[in-house]
Amino acid sequence: MTRLQINGQARDVDVPGETPLLWTLRDELGMTGTKFGCGMALCGACTVHMDGTAIRSCVTPVSAAAGHAIATVEGMAADPVGRVVQQAWIENNVAQCGYCQAGQIMAAVGLLKTTPAPTGEQIDEAMSGNICRCGTYPRIRAAVRQAASRLVRGGK
Ligand code: FES
Ligand code: FES
């Protein structure tokens, strides 16, 4: 049995330790907001946070997640930075098919938690590992910029 801390809640899972965190979230815990894309740490669809840092859950064994604070897109509505980012995503109509967007949001929240006023280059760098087949990159950047400026003004 492995005890995970997900979005502030303890969750026990009975899976082999090498099981990827992604499949533990989706198949064992029914948290399907985190998406499977490449399975090889190349696309960012599976991005979650571990102790506040964006990680690829497809290549993170569940044993490595035990004892760490995991955050997923399901927890972002209750997160002060996540809420602002999600609102900016809505206002900028970022999503097209939507498949990559949970990972994009998690990457953006991870950036803004460590770098509240990022430069364009910092945004590009932080988001560069998240692929969008629909090509929503300009709207993603606009939303990250809007969220950053709101956060600098205290979320307004
Ligand atoms: S599914 Fe994990 S990076 Fe693509
Ligand atoms: S919105 Fe379709 S893959 Fe990004």
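T34 is buried in this predicted model, because its relative accessibility is 2% and a residue counts as buried under 20%. T34 is placed in the loop that connects α1 (21-28) to β3 (47-50). When residues up to four places away in sequence are not counted, T34 touches L22, L25 and R26. The residues A45, C46, T47, V48, S57, T72, V73 and E74 are also touched by T34.

The strands form an open sheet of 5 members with mixed pairing, in the order β2-β1-β5-β3-β4. The edges are taken by β2 (9-13) and β4 (53-56); each has a single partner strand, so one side of each is left without a neighbour in the sheet. Direction ignored, neighbouring strands are turned by 40° against each other on average. Strands of a sheet pair through backbone hydrogen bonds, either parallel or antiparallel. The parallel sense is found between β1 (residues 2-6) and β5 (residues 69-71), which pair over 2 bridges. Here I6 stands opposite I70 of β5.

Helix α1 packs on this sheet and touches β1, β2, β3, β4 and β5. The direction of α1 makes about 85° with that of β1. Within α1, the residues L21, L22, T24 and L25 are buried. The buried residues of α1 pack against β1, β2, β3, β4, α2 (62-65) and β5. D27 also lies in helix α1, but D27 is exposed, as its relative accessible area is 56%. From D27 to A126 the C-alpha to C-alpha distance is 28 Å, with 99 residues of separation in sequence. After α1 comes G30, which has a positive phi near 70°.

Strand β3 has partners in both β4 and β5. The strands β3 and β4 run antiparallel and are joined by 4 bridges; V48 has I55 of β4 as its bridge partner. The hairpin of β3 and β4 has 2 residues between the strands, and D51 in this hairpin takes a positive phi near 50°. The pairing of β3 with β5 is antiparallel as well, through 2 bridges, and M50 stands opposite I70 of β5. In a regular strand the side chains alternate between the two faces of the sheet. In β3, T47 and H49 point one way, V48 and M50 point the other way, and all are buried. Helix α4 lies across β3 and β5 and runs at about 35° to β3.

In soluble globular proteins, nonpolar side chains tend to be buried together. The largest nonpolar core of the model has 24 residues, of which V85, W89, L112 and V144 touch the most other members. At least two residues of this core are supplied by each of α3 (80-91), α4 (101-114), α5 (120-127) and α6 (137-152). The largest share, 8 residues, comes from α4. V144 is in contact with W89, A108, L111, L112 and I123, leaving aside neighbours within four places in sequence. Another core lies apart from the largest one and has 14 residues, including L21, L25, L29 and M31.

A search for aromatic pairs over the whole structure gives 1 pair. The ring centres of W23 and F36 lie 5.1 Å apart and the planes make an angle of 50°, so this pair is tilted. The pair links distant parts of the chain, with W23 in helix α1 and F36 in the loop between α1 and β3, 13 residues apart. Both rings belong to partly exposed residues: W23 has a relative accessible area of 30%, and F36 has a relative accessible area of 35%.

A search for disulfides over the whole structure finds 0. Of the cysteines, C132 counts as buried at 6% relative accessibility, whereas C134 is partly exposed, with a relative accessible area of 26%.

Note on methods. Residues are numbered from 1 along each chain as its sequence is written. Chains are lettered from A and ligands numbered from 1 in the order in which they are written. This is a predicted model: local features need pLDDT of at least 70, side-chain atom pairs count only at pLDDT 80 or more; totals for chains, interfaces and linings use all residues. Side-chain values use heavy atoms; hydrogens and water are left out. A nonpolar core is a set of buried Ala, Val, Leu, Ile, Met, Phe, Trp, Tyr and Cys residues joined through side-chain atoms within 4.5 Å. Buried means under 20% relative accessible area, exposed over 50%, partly exposed in between (1.4 Å probe, protein chains only). Contact means heavy atoms within 4.5 Å. Two strands pair if DSSP finds at least two bridges between them. Axes are lines fitted to C-alpha atoms, for helices over the stretch in contact, and angles run from 0 to 180 degrees between N-to-C directions. A disulfide is a pair of cysteine sulfur atoms within 2.5 Å. Rings of Phe, Tyr and Trp (its six-membered ring) pair if their centres lie within 6.5 Å; planes under 30 degrees apart count as stacked, over 60 as edge-to-face and the rest as tilted.
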